[in-house]
Amino acid sequence: MRILGEGQYEIADVHLDELNELDAVLQSAAASGDEHAFALGLRALLDAVRALGTPLPADSLAPSDLILPDEDTSLREVEALLADEGLIPG
């Protein structure tokens, strides 16, 4: 999983349910147009990726299955990225 402008993290499958729950909150905030809830949800999702994931070396060229926006990304910018399943499919 890549966080734009930051780096890549390896996430164990065991953590995907927790990340999907955070993604659902983020998706709900985006759907309602709530900028504040969106910013909080994005921060929580990125913090969880950082906490649960293992950072890959900066020089790693491994492909990323998922790419997440950085914390400064606006709701409008992320709306273009959101699919029906949110940022984290599943």
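This section describes the overall organisation of the protein chain, the pairing of its helices H1 and H2, and the setting of two strand residues in a predicted model.

The secondary structure of the protein chain consists of 3 helices and 4 strands, which follow one another along the sequence in the pattern β-β-α-α-β-β-α. Of the 90 residues in the protein chain, 32% are buried. Contacts between residues distant in sequence are also represented: among those that join residues at least 6 apart, 71% link residues at least 24 apart.

Helix H1 covers residues 16-32 and helix H2 covers residues 35-52. For the 17 residues of H1, a rise of 1.5 Å a residue predicts a span of 24 Å, and the end C-alpha atoms of H1 are indeed 24 Å apart, so the expected and modelled values agree. Just after H1, Gly33 adopts a positive phi of about 75°.

The axes of H1 and H2 come within 8 Å of each other and cross at roughly 165°. Because angles over 145 degrees count as roughly antiparallel, H1 is classed as roughly antiparallel to H2. The crossing of the two helices is left-handed. On the H1 side, the contact is formed by Glu18, Leu19, Leu22, Asp23, Leu26, Ala29 and Ala30. On the H2 side, the residues met are Ala37, Phe38, Gly41, Leu42, Ala44, Leu45, Ala48, Val49 and Leu52. Classified by residue type, this contact of H1 with H2 comprises 13 nonpolar, 1 polar and 2 charged residues.

Burial within H1 was examined next. The buried residues of H1 are Leu19, Asn20, Asp23, Leu26, Ala29 and Ala30. The elements that cover these buried residues include H2 and helix H3, the latter spanning residues 75-79. Asp23 is thus listed among the buried residues of H1 and also among the H1 residues that meet H2.

Two strand residues illustrate opposite classes of accessibility. Glu10 lies in strand E2, which covers residues 7-10. With a relative accessibility of 52%, Glu10 counts as exposed, because the cut-off for that class is over 50%. When residues up to four places away in sequence are not counted, Glu10 touches Gly53, Thr54 and Leu56. Glu10 is separated from Ser64 by 54 residues in sequence, while their C-alpha atoms are 9.1 Å apart in space.

Leu68, by contrast, belongs to strand E4, composed of residues 67-68. Its relative accessibility is 0%, and Leu68 therefore counts as buried. Leu68 and Leu45 are 23 residues apart in sequence, with a C-alpha to C-alpha distance of 9.2 Å. Leu45 is itself one of the H2 residues in contact with H1.

Methods. Residues are numbered from 1 along each chain as its sequence is written. This is a predicted model: local features need pLDDT of at least 70, side-chain atom pairs count only at pLDDT 80 or more; totals for chains, interfaces and linings use all residues. Side-chain values use heavy atoms; hydrogens and water are left out. Axes are lines fitted to C-alpha atoms, for helices over the stretch in contact, and angles run from 0 to 180 degrees between N-to-C directions. Angles under 35 degrees count as roughly parallel, over 145 as roughly antiparallel, 65 to 115 as roughly perpendicular and the rest as oblique. A crossing is left-handed if the near helix is turned anticlockwise from the far one by less than a right angle, and right-handed if clockwise. Contact means heavy atoms within 4.5 Å. Ala, Val, Leu, Ile, Met, Phe, Trp, Tyr, Cys and Pro count as nonpolar, Asp, Glu, Lys and Arg as charged, and the others, Gly among them, as polar. The expected span of a helix is 1.5 Å times one less than its number of residues. Buried means under 20% relative accessible area, exposed over 50%, partly exposed in between (1.4 Å probe, protein chains only).
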